[in-house]
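Let's walk through this structure together, from its salt bridges to its cores. Have the view open as you read along.

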Amino acid sequence: LRGVELLQPPTGPTSNPVLDPPYYDGKPGSPLAQVRARSTAVGFYPTTDLEWLLEWARDPSLSQTEGNLRVALITGPGGAGKTRLAAELCARMAADGWFTGFLPRKSTKEDRQWLTRLPSHQVIVIDYPEALATEDLAEVLQELSAATSPTVLVLTARETGKWWTDAVTAIGNARVPASVNTPYAVPLKQSIPNQLRLFERAARALGNGSAPTTTFVQDQKWT
């Protein structure tokens with residue numbers, strides 16, 4: 001889809017922007033702000049999980065078999081990289097001309113209906129959907145199922161559990177794509193290879209390119 005001229009979006013969203021951008025604007029902030037998942041202070045470290053997600057999201061045949069809405073569920077413990085992976089997917093797909101971003105917690109029904117009428121391909125992320133009320137999540141799934149263009153919905157959660165089965169049950173007999181019942185699963189592990197290299201890379205980025213002086217302790221779980 002690279003280079004494709006997009007159609008004008010329909011008018012009528014009540015929020016601006018309807019989706020939050022994948023990454024923050026890059027302005028220097030507090031040290032804590034610079035290490036948050038959606039900060040660009042430290043570049044994304046390439047992973048096979050991203051490559052799998054990109055291949056799956058770009059596969060045009062899936063829209064023919066699963067409908068316009070496709071659901072991916074990224075799971076893993078806190079600090080495993082769920083939010084960062086979703087943000088990078090959005091950034092990469094936006095470079096291909098897709099409309100992408102994170103659905104705000106306070107999104108309105110009108111906003112979501114606007115998204116379903118958008119003529120552009122899109123990636124929508126719901127970060128930690130298990131924090132939503134069951135009926136609210138079920139409503140969002142039903143609304144986005146009416147998307148008129150290929151839409152990838154990415155959910156990031158610590159685990160697939162009762163929150164998900166309850167939401168699917170709450171949908172009941174409503175007509176939804178098959179992927180709502182069987183989402184594309186992307187489980188992440190907390191144990192990351194090359195931890196020392198990652199630590200040094202982050203330290204250089206946060207230190208404006210200077211070599212890190214902090215001693216890295218091996219065999220520890222870092223988040």
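Is Lys109 buried, exposed or partly exposed? At 38% relative accessibility, Lys109 counts as partly exposed; here buried means under 20% relative accessible area, exposed over 50% and partly exposed in between, with a 1.4 Å probe and protein chains only.

A word on the ground rules before going on. The model is predicted, so local features need pLDDT of at least 70 and side-chain atom pairs count only at pLDDT 80 or more, while totals for chains, interfaces and linings use all residues. Residues are numbered from 1 along each chain as its sequence is written, and side-chain values use heavy atoms, with hydrogens and water left out.

**Overall layout**

The protein contains 9 helices and 5 strands. These are DSSP runs numbered from the N terminus, with helices (H or I) of at least four residues and strands (E) of at least two. Read from the N terminus, the order of elements is α-α-α-β-α-β-α-β-α-β-α-α-β-α. Of the 223 residues in the protein, 38% are buried. Among contacts (heavy atoms within 4.5 Å) with a separation of 6 or more, 75% are between residues 24 or more positions apart.

**Salt bridges**

Side chains of opposite charge can pair when their charged atoms come close. The whole structure holds 7 salt bridges, each defined as a side-chain nitrogen of Lys or Arg within 4 Å of a carboxyl oxygen of Asp or Glu. Here are three of them, with the distance between the closest N and O atoms.

| Basic residue | Acidic residue | Closest N and O atoms |
|---|---|---|
| Lys109 | Glu143 | 3.0 Å |
| Arg112 | Glu143 | 2.3 Å |
| Lys162 | Asp166 | 2.6 Å |

Take the pair of Lys109 and Glu143. Lys109 belongs to helix α5 and Glu143 to helix α6, so their salt bridge ties together parts that are 34 residues apart in sequence. Glu143 is buried, with a relative accessible area of 10%. Arg112 also forms a salt bridge with Glu143; because Arg112 lies in helix α5 and Glu143 in helix α6, this pair ties together parts that are 31 residues apart in sequence. Arg112 counts as buried, at 7% relative accessibility. Lys109, Arg112, Glu139 and Glu143 are linked in a network of salt bridges.

The third pair in the table stays within one helix. Lys162 and Asp166 are 4 residues apart in helix α7, so about one helical turn separates them. Lys162 is exposed, with a relative accessible area of 61%, whereas Asp166 is partly exposed at 25%.

**A polar contact in α4**

Glu88 sits in helix α4 (residues 82-95) and counts as buried at 10% relative accessibility. Its side chain makes a polar contact with the side chain of Arg92 at 2.8 Å. A polar contact is a pair of N or O atoms within 3.5 Å; within protein, one must be able to donate a hydrogen and the other to accept it, and residues adjacent in sequence count only if both atoms are side-chain atoms.

**Aromatic pairs**

How many aromatic pairs does the structure hold? There are 3 aromatic pairs, where rings of Phe, Tyr and Trp (its six-membered ring) have centres within 6.5 Å, and planes under 30 degrees apart count as stacked, over 60 as edge-to-face and the rest as tilted. Trp56 and Tyr184 are stacked, 4.9 Å centre to centre with 10 degrees between the planes. Trp56 is in helix α2 (residues 48-58) and Tyr184 in strand β5 (residues 184-187), so the pair ties together parts that are 128 residues apart in sequence. Trp56 is buried at 9% relative accessibility, while Tyr184 is partly exposed at 26%.

Phe99 and Trp114 form an edge-to-face pair, because their ring centres are 5.9 Å apart and their planes stand at 75 degrees. Phe99 lies in strand β2 (residues 99-102) and Trp114 in helix α5, so this pair ties together parts that are 15 residues apart in sequence.

Trp56 has another partner: Arg70 lies over its face, at 5.6 Å from the ring centre. Such a charge has NZ of Lys or CZ of Arg within 6 Å of the ring centre and within 35 degrees of the ring normal.

**The cores**

A nonpolar core is a set of buried Ala, Val, Leu, Ile, Met, Phe, Trp, Tyr and Cys residues joined through side-chain atoms within 4.5 Å. The largest one has 26 residues, and Leu153 and Leu155 have the most contacts inside it. At least two residues of this core come from each of β1 (69-75), α5 (109-117), β3 (122-127), α6 (134-144), β4 (151-157) and α7 (162-171). Beyond its neighbours within four places in sequence, Leu153 is in contact with residues including Leu69, Val71, Ile124, Ile126 and Leu141. A second, separate core of 24 residues includes Trp56, Phe102, Val123 and Val154.
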